[in-house]
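Dear colleague,

I am handing over the structure we spoke of, and you will find the sequence and the model just below. My notes on what was found in it follow.

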Amino acid sequence: MTEQPQNQPDEALVDLLIKQATEGLSAAEQRTLDALDSAVASAYARDLERAAAAIALAGSTDAPKLPAEFAQRLAQQADAHFAGAAAAGNAIAAGSASGADRKIVDLEAARAAASAARVQPRPLSRTSVIGWFAAAACLVLAVLGWMRTPQAPIESVVQVPPVVAPIEKPLPLTPAEERAALLAKSDSLKITLGATKDPGSTGMSGDVVWDPATQRGYIHFTGLLANNPAVHQYQIWIFDGGRDKRYPVDGGVFDVPANTTEVVIPIRAALMVLKPAAFAVTVEKPGGVVVSGREHVVALGAAG
Amino acid sequence: VSIYHYHAPILAIFPAEIARPSHTFDPVESTLALDPNKLTRQLMSPSLLQRIASGDSAAVRECIDQYGGLVWSIARRLSRTPSDAEDATQEIFLDIWRSASRFDASQGSDKVFIAMIARRRLIDRLRKTSAEPPMDPVEALEAVAWADPGTASETSIEAEQATRALAELRPEQRQVLELGLLHGLSQSEIATRLSMPLGTVKSFMRRGLIKVRELMNVEAEGVGARL
């Protein structure tokens, strides 16, 4: 029997560590690993995780740019996080005071924060508001935590869960407003839908706007015939240049109510669309189909 | 029921220069190819994560600008929907802010540290949701743009090392790594998709990962000796 080198974990452990680095472990596997774990295994696990990350980097050279709006939200979230951390830091400092004084010190810190806010009468920016909200919430949590466990060590004050201010989300827009916003974006894809020979296509005009970064889009029709949802529904298809063109991505089903001349429909892509190449609308049975027979294609448009 | 079937010819997935089996790794040549002055500068000046840990708010913005696309890219690959990817990206950046103080520049670059945090969070999210794979296997038909070992300024050293190690593997071994590490499929799912015994998938995954790990350690030691 061969002897295991001292700096190498055994085979079973390596298998677990590989799985941990690539897809994660089940609770049972994690317990097994915890029982086997050692300093050598920890170092080996870190190396494997680093190797997995390096391979992921090697395959991510085509990283897209983060959408500007999303980057801004992340920055606001970061502001809130660091404001909360600063407040928690004050609470830790206050923890050096003993016993009942700690509660007073925390409240003093809260008063000081409020006072600091008062002496700066300039209007608070949205980011500042989030920051102060997070700081105040964090202090309240710190005090409440202390009140519940008066004999707890100082660490219990430190263990305030990081307070993250809710990320502000704009009020929901109507599909028409959302479509208009996407149309205004320079990097969104705009496609005109053309009529086909299908009788259902007569007299309609339509277009698609699609934002590849957020994977959102809208289809807009004027003059598309109303359907009876109990009999038929319209179904959107997205042809992705990164996929087999025989199998376009399902973009969801929709209806055109009677006496409606114009509709704006959100596209609900069932899969991530990497290279949107064309959009089509077919008439299908209620609920849509997995694979269209393409007997009734009523609109079709290709990108640039 | 998926209508898709994985049927990509292996060599179509991997660029020819990567698939070429003649490329062998020479640790001495590889070490000499690295610029020691550049490495010294990198090691001496505080990294982005170290600046974040020290409370530099400008570094936070820089981090989002510099690595937002990378995190977003990894999250998109390992998430089921764009909305999931967005949530995951927010969680990953929170993890980055919390973990910045634990970053050790001697253990690797900012970039690989962030990729590790991203992968850890995404794996965790995948395990907490369903057993479904994060994406349709047809996604794997998309050619993967592996880092080019010659463009050091655009990639991290670790990505170059990984690319060199991958070049030494057989195409089917790389395919297993690609499906597992880039597309988030489990070993069992890879076995099913490729009609390959689970043991073979495990073996390929293991061999590939260990190969990259060894290469990274060898190069790190070589660079350390030169500095």
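In chain A, 63% of the contacts with a separation of 6 or more are between residues 24 or more positions apart. For chain B the corresponding share is 73%, again counting contacts between residues at least 6 apart in sequence and asking which of them join residues at least 24 apart. Please keep in mind throughout that this is a predicted model, and that every value here is computed from it.

On secondary structure, chain A comes to eight helices and eight strands, whereas chain B has twelve helices and zero strands, so that its elements, read from the N terminus on, run α-α-α-α-α-α-α-α-α-α-α-α.

As for burial and surface, 42% of the 304 residues in chain A are buried, and the chain exposes about 15800 Å², with carbon and sulfur atoms supplying 59% of that area. In chain B, buried residues make up 53% of the 227 residues, while the accessible surface comes to about 10000 Å², of which carbon and sulfur atoms account for 53%.

One helix pair in chain A deserves a description of its own. Helix H1 (residues 11-22) of chain A packs with helix H3 (residues 39-58) of chain A at an angle of about 40°, and their axes lie 9 Å apart. Because angles from 35 up to 65 degrees fall outside both the roughly parallel and the roughly perpendicular ranges, H1(A) is oblique to H3(A). The crossing of these two helices, H1(A) and H3(A), is right-handed. On the H1(A) side the residues that take part are Leu13(A), Val14(A), Leu17(A), Ile18(A), Gln20(A) and Ala21(A), and they meet Ala41(A), Tyr44(A), Ala45(A), Leu48(A), Glu49(A) and Ala52(A) in H3(A). Sorted by class, this contact of H1(A) with H3(A) has ten nonpolar residues, one polar and one charged. As general background to such spacings, an α-helix has 3.6 residues a turn, so residues three or four places apart point the same way.

In chain B, I would draw your attention to helix H9 (residues 157-167), which is largely enclosed by the rest of the structure, because ten of its eleven residues are buried. The buried residues of H9(B) are Glu158(B), Ala159(B), Glu160(B), Gln161(B), Ala162(B), Thr163(B), Arg164(B), Ala165(B), Leu166(B) and Ala167(B).

With best regards

Notes. Residues are numbered from 1 along each chain as its sequence is written. Chains are lettered from A and ligands numbered from 1 in the order in which they are written. This is a predicted model: local features need pLDDT of at least 70, side-chain atom pairs count only at pLDDT 80 or more; totals for chains, interfaces and linings use all residues. Side-chain values use heavy atoms; hydrogens and water are left out. Helices (H or I, at least four residues) and strands (E, at least two) are DSSP runs, numbered from the N terminus. Buried means under 20% relative accessible area, exposed over 50%, partly exposed in between (1.4 Å probe, protein chains only). Contact means heavy atoms within 4.5 Å. Accessible areas come from the Shrake-Rupley method with a 1.4 Å probe; for residues, only the protein chains shown count as cover. Axes are lines fitted to C-alpha atoms, for helices over the stretch in contact, and angles run from 0 to 180 degrees between N-to-C directions. Angles under 35 degrees count as roughly parallel, over 145 as roughly antiparallel, 65 to 115 as roughly perpendicular and the rest as oblique. A crossing is left-handed if the near helix is turned anticlockwise from the far one by less than a right angle, and right-handed if clockwise. Ala, Val, Leu, Ile, Met, Phe, Trp, Tyr, Cys and Pro count as nonpolar, Asp, Glu, Lys and Arg as charged, and the others, Gly among them, as polar.
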